[in-house]
Amino acid sequence: MTITLQFIGAARFVTGSKHLLTVNGKNVLLDCGMVQGPRKIANKANQDLGLRDTRVDAVVLSHAHIDHSGSLPRLVKLGFSGEIHCTPATKDLMEILLTDSAHIQAQDAKHLRRRGHAFDPPYDLDDVEKTVKRTRTHGYHEPFDVVPGVKVQFLDSGHILGSAFVVIDVDDGQRQQRIVFTGDHGRRGIPILRDPERLPECDVLITEATYGDRLHAKRVDLESSLEQVVNEEERDGGRILIPAFSVGRTQNVLMYLGKLLREKRIRPQPIYIDSPMSKKVTQLTARYPELFDADMQELLRSGHDPFFFEGVRYVADVEESKSLNDLRQGIILAASGMCEAGRILHHLKQSVTRPEDCVLAVGYMAQGTLGRKLIDGYEHVNILGERYAVRCKVRSISGLSAHADYGELLSSFRHLAPRARVFVVHGEEDATLKFADKLLDAGFTKVDVPVKREKFEV
Ligand SMILES: [Zn+2]
């Protein structure tokens, strides 16, 4: 018998995480992520999944981000009838994110059809429901059997709520191999979450390399930077818009605002969370206090609610969102994080021309996005088809990424050299190749950067 690994997605590419482990004739898919990017390429990839006629027997999911879980309903729609294994928080978070994804696709299809293009969404809400029913949840450090000869255990990877390193013990009757899949590798000291756990000794390591060629900027103190911006706005008499994704960053900012208020470092003021999904994700996060780090545990013990405190209002409907047009002072958090869609755009239309208002960027802004243009100091921007002169202040707090950089990855892996054979995935081609060189320098002797669909016996 042989043990093989085939890299179906996220091979010399960032999104679409999907790797196939075959043992004793059974196929186990590690992640089943959606490809994100230019619509034409993404649509095609998200329809056929690249699995050809492989019959998948089980799925093990590292975490809920759409580029790791987003094609699961498609897999189910194409006939998958096995189990999907993940942590309890991943299951709950995945349900929210997949439901949102199905809505976006239905809207996209409607929009494209109106313009005369046929587009069948890869899945709908019904498929999402069926997918959730196929999940089996397992806590961290609780080994479970996936298929004969494949036992898995999740460790906390410190990336997002419920995220896991996947430790796979494989036995093909002749050999035992331990394979570790990082999913997305988190960072030490990320607010709310616990630090990534130490990886166990292994024979094979499959690692992400999103920041395989980069080091993060020195971590800024989000707490005091926020304090400074909020007090500045208090003086200037304007409002603050914070574009933020629903998972992670919204909860981080809220937690710090609550702390600043309790310590009377900022004055009480209205804080609006204007995103239905952010509300759901925040409620969900609050349901998993056992996953929080020591600081959050301490906060809960002292009787404070990190997310639902006085002054915070979760905006329910579009009407209430529109009424925020009249808000001249206060803080609005809204999605999307890069200002590409969502309610943040409507608020930006109001604020971008007012010198007293401030846009505060707290996350990564990709090239070409409206958020990036604002940070880069464009004098004019287009918002929802109209051109606006940028007169507001734009502030940026960086260094808060939830992905380890190459220095952090190397220190997490150092004790695995030289034994572990490494496969580098989930990064732009350049980043993965450069990271492979760094691994060789660090003492690893067998390092591969698979191309799409490449298969290895391990
Ligand atoms: Zn992720």
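Domain bounds here come from an automatic or database domain assignment. On that basis the chain divides into domain 1 (3-215 + 402-457) and domain 2 (222-396), and the C-alpha centres of the two lie 30 Å apart.

Before going further, a word on the model. It is a predicted one: local features need pLDDT of at least 70 and side-chain atom pairs count only at pLDDT 80 or more, while totals for chains, interfaces and linings use all residues. Residues are numbered from 1 along each chain as its sequence is written.

**Where the domains meet**

Two residues are in contact if their C-beta atoms, placed from the backbone, lie within 7 Å. By that test, twelve residues of domain 1 touch 15 residues of domain 2. The domain 1 side of this contact has nine nonpolar, no polar and three charged residues. In this classification Ala, Val, Leu, Ile, Met, Phe, Trp, Tyr, Cys and Pro count as nonpolar, Asp, Glu, Lys and Arg as charged, and the others, Gly among them, as polar.

Now to a pair of helices. Helices (H or I, at least four residues) and strands (E, at least two) are DSSP runs, numbered from the N terminus. Axes are lines fitted to C-alpha atoms, for helices over the stretch in contact, and angles run from 0 to 180 degrees between N-to-C directions. The axes of α4 (residues 88-114) and α8 (residues 276-286) come within 10 Å and cross at roughly 170°. The two helices are therefore roughly antiparallel, a label for angles over 145 degrees (under 35 is roughly parallel, 65 to 115 roughly perpendicular, and the rest oblique). From α4 the contact uses D92, L93, I96 and D100, and from α8 it uses M277, K280, V281 and L284. Five of these contact residues are nonpolar, none polar and three charged.

**The seven-stranded sheet**

Two strands pair if DSSP finds at least two bridges between them. One open sheet has seven strands in the order β7-β8-β9-β10-β11-β20-β21, with mixed pairing. Its edge strands are β7 (144-147) and β21 (447-448), each paired on one side only. Helix α14 (residues 429-441) packs on this sheet, touching β20 and β21, and its direction makes about 160° with that of β20.

Strand β11 (residues 204-208) has five of its five residues buried, where buried means 20 or more other C-beta atoms within 10 Å of the residue's own (12 or fewer is exposed, in between is partly exposed; C-beta atoms are placed from the backbone). V204, I206 and E208 point one way from β11, and L205 and T207 the other.

Here are some strand pairs, with one opposing residue pair for each:

| Strands | Sense | Bridges | Opposite residues |
|---|---|---|---|
| β7 and β8 (150-156) | antiparallel | three | F144 and V152 |
| β10 (176-181) and β11 | parallel | three | F181 and I206 |
| β11 and β20 (421-425) | parallel | five | L205 and V422 |
| β13 (271-273) and β15 (330-334) | parallel | three | I273 and L333 |

**The six-stranded sheet**

The last table row belongs to another open sheet, of six strands in the order β14-β13-β15-β12-β16-β19, with parallel pairing. At its edges stand β14 (312-314) and β19 (393-396), each with a single partner strand, so one side of each has no neighbour in the sheet. From one strand to the next the twist averages 20°. Helix α6 (residues 222-236) lies across β12 (239-243), β16 (358-361) and β19, running at about 145° to β12.
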